[in-house]
Amino acid sequence: MSSVSAQGKPTEVFADGTFNAAEVTLSEGETMLIRGVSFSTPVRRDVPIRSGDRIRTGRDGRVQLRFADGAQMSILGGSEFRVDSYVLDQDRQRSFFALIRGSIRVISGRIGKRDPQDWRLTTPTATIGIRGTEFTVDQTVCPPSGCSDGLVSGLRVAVIAGRVAVTNLAGTVEVPAGATLALADAQARPGTVLPTTISPARTSSGRTRPADAPKAGPSAPSPGMAPLELQPIEQGRFGER
């Protein structure tokens, strides 16, 4: 069974109901794809991303994804990202993601334009919804001993184009283009929206962001990839088993 992606490519539907959500367009540095009890390191361009997959990047790692609906995502160094649920066919659309820690930059695609409830990004601090947009998200998670280098736990969302809605236990606030929202934790009231500064900023990996990226708080330093006893993922092309 298959459906058609935004680019006109067949999107395979597997026996467990999952789809090939995205193809890897760039993978550099220390990266890992985790699928159930299997893994691939580094993340390879010949292995498509599906629902349930997790991507980890080391300090020098970066992964770029192109989703079946045309959305694009860059996962920066020191990050852990998960595709919770991705569905795209004639009757259903859903993009549910989770950023456990680190930094991503997002350019939205077709999903979410018809119904904003179809797109969601969950972080430890808040849940983010889109209104057709481009934005960056930085989630800092400190260990019990505290963050180093003066970092603090929390979420920072910077909007480049469109709008995003950020929701936590205290309420919801919409962040317009050119603004940045910072939240200390899941109970902090989302009320202060600051102008976005477009300038280079360093991530937890020590790398400098591109000059056109919004400045955002870096994520907590990662000591490297956690050791895993898993089986290799089989090679496969995007859109196929």
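## Disulfide

A search of the whole structure, which is a predicted model, finds 1 disulfide (a pair of cysteine sulfur atoms within 2.5 Å). C142 and C147 form this disulfide, with their sulfur atoms 1.7 Å apart. The torsion about their S-S bond is about -105°, so the disulfide is left-handed. A disulfide is a covalent bond between the sulfur atoms of two cysteines.

## Basis of the values

Residues are numbered from 1 along each chain as its sequence is written, and side-chain values use heavy atoms, with hydrogens and water left out. In this predicted model, local features need pLDDT of at least 70 and side-chain atom pairs count only at pLDDT 80 or more, while totals for chains, interfaces and linings use all residues.

## Confidence

The protein chain averages a pLDDT (the predictor's confidence in each residue, from 0 to 100) of 79. A score of at least 70 is reached by 73% of the residues. Over residues 1–11 the pLDDT is below 50, and this stretch has 35 contacts (heavy atoms within 4.5 Å) in the model beyond near neighbours in sequence. The pLDDT is also below 50 over residues 198–241, a stretch with 138 contacts in the model beyond near neighbours in sequence.

## Fold and surface

The secondary structure of the protein chain comes to 0 helices and 20 strands (DSSP runs numbered from the N terminus: H or I of at least four residues for helices, E of at least two for strands). Among contacts between residues at least 6 apart in sequence, 53% join residues at least 24 apart.

Of the 241 residues in the protein chain, 51% are buried (under 20% relative accessible area, with exposed over 50% and partly exposed in between; 1.4 Å probe, protein chains only). The accessible surface of the chain (Shrake-Rupley method, 1.4 Å probe; for residues, only the protein chains shown count as cover) comes to about 11000 Å². Carbon and sulfur atoms account for 51% of this surface.

## Nonpolar core

The largest nonpolar core (buried Ala, Val, Leu, Ile, Met, Phe, Trp, Tyr and Cys residues joined through side-chain atoms within 4.5 Å) has 42 residues. L65 and V166 have the most contacts inside this core. Not counting residues up to four places away in sequence, V166 touches several residues, among them A126, I128, L155, V173 and L183.

## Individual sites

T140 lies in strand β14, residues 134–140. T140 is buried, with a relative accessible area of 5%. T140 and T125 are 15 residues apart in sequence and 9.3 Å apart in space, C-alpha to C-alpha.

A cis peptide bond, with omega about 0°, joins T41 and P42. P42 is in the loop between β5 (38–40) and β6 (49–50).
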